[in-house]
Amino acid sequence: MTETGAIDIPTLRMLLQFHLESGTDGLCILGTTGEAAVMTMAERKTVLDVAVEEVKGKIPILVGTGTIDPEHVKEQTLQAIDCGCDASLVVTPYYVKPPQRGLIRHFETMADLGLPVCIYNVPGRSGVDFLPESIGQVAGHPNIVAVKEATGDVSRVAQIHEAMFENGVAKDELLLFSGDDGSTDEFVLGGGDGCISVTANVAPSLMHNLMMAALKKDHDEVARINSPLRRLHQDEFCEANPIPIKWAVKRMGKIDCAYLRPPLDELSPDFHGIVEDAMKEAGLLS
């Protein structure tokens, strides 16, 4: 965004090309890190149209369409379909704490719209945990294709696979993505399929290489790549995401300002040194 809070289209195009050139395997557009919660439908369309123009057919485009009201989720998902996006990221409806049966119905209803769905389970933000047993029940839906599991509990991989088995669904019918950078290496080494990463906003090539090594079960290479990133995985959450990571992208020179729309705010100067030191340790700054 610009300093006035307007969508910065030229910079968005440059960021999309940065990921294309860096070997990013998939883009998550309009997620939490993209400040989607404070964007209008018209602004969302503008962003999606630009993403489709720049990278459609080169990188899969996953779009955050989840919110509290199912009707609004439908509206955003249908918009993503109309814009030509590849899949939707649907978070558990936050704050209202639906029961498991309500969550099951919610995700199946959104999947019925026709766009492949990646379920987003992040109880630390949403206040509700979509349990492995429930994931197993929806895993057989042809349009529920993935789960972003952001509990930080790497044992969830085995638990979800067991629940899928109990419901007659093969492992390869549902992709499991880590949503917690700090435990992503263990998540994928333990049978997960990849990650949807905050760190990848500033270190896309390193995160790509980390995932490739983890998928090959190359423990030594995983340790070599991830060791310098561990501090960044932690300190990019010194304030609420996306505050620190947006400042980090600015510090790299990829964007001109680190403005965030209210109620968020730019990174406090108290944390500038913390994030900068983590970036240096990761080799992102000299």
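The following exchange examines how several features of this predicted model earn their names.

User: What makes F107 and F130 an aromatic pair?

Analyst: Rings pair if their centres lie within 6.5 Å. F107 and F130 are 5.0 Å apart, centre to centre, so they meet that limit. The structure holds 1 aromatic pair.

User: Why is the pair of F107 and F130 called tilted?

Analyst: Planes under 30 degrees apart count as stacked and those over 60 as edge-to-face, with the rest tilted. The planes of F107 and F130 stand at 50 degrees, which is neither under 30 nor over 60, and therefore the pair is tilted.

User: Which parts of the chain does this pair tie together?

Analyst: F107 belongs to helix α4 (residues 100-111), and F130 to the loop between α5 and α6 (132-138), so the contact ties together parts 23 residues apart in sequence.

User: How do you know whether F107 is buried or exposed?

Analyst: Buried means under 20% relative accessible area. F107 has 0% and therefore counts as buried. F130 also has a relative accessible area of 0%, so F130 is buried.

User: Why is K97 placed in one exposure class and K217 in another?

Analyst: Exposed means over 50%, and partly exposed lies between 20% and that value. K97 has 58% relative accessibility, so K97 counts as exposed. K217 has 38%, and therefore K217 is partly exposed.

User: Where do K97 and K217 lie, and what is phi in each?

Analyst: K97 is in the loop between β3 and α4, with phi near 55 degrees. K217 is in the loop between α9 (204-215) and α10 (219-226), with phi near 60 degrees. Phi is positive in K97, a residue other than glycine, and phi is positive in K217, likewise a residue other than glycine.

User: What makes K148 a charge over the ring of Y120?

Analyst: The distance limit is 6 Å from the ring centre, and the charge must also be within 35 degrees of the ring normal. K148 lies over the face of Y120 at 4.1 Å from the ring centre, so the distance condition is met.

User: What lines the largest cavity, and how is its lining classed?

Analyst: The largest cavity, of about 30 Å³, is lined by residues including E149, D153 and D180. Asp and Glu count as charged, so these three belong to that class. By class, the lining has 2 nonpolar, 4 polar and 3 charged residues.

Technical notes. Residues numbered from 1 in each chain as written. Predicted model: local features only at pLDDT ≥ 70, side-chain atom pairs only at ≥ 80, totals over all residues. Heavy atoms only, no water. Phe/Tyr/Trp six-rings, centres within 6.5 Å; stacked < 30°, edge-to-face > 60°. Helix = DSSP H or I, 4+ residues; strand = E, 2+ residues; numbered from the N terminus. Buried < 20%, exposed > 50% of the residue type's maximum accessible area, 1.4 Å probe, protein only. 1 Å grid on protein atoms, 1.4 Å probe; cavity = no way out; pocket = protein on both sides within 12 Å on 5 of 7 lines; lining within 4 Å. Points joined across faces, edges and corners; volume = space filled by probe spheres on them.
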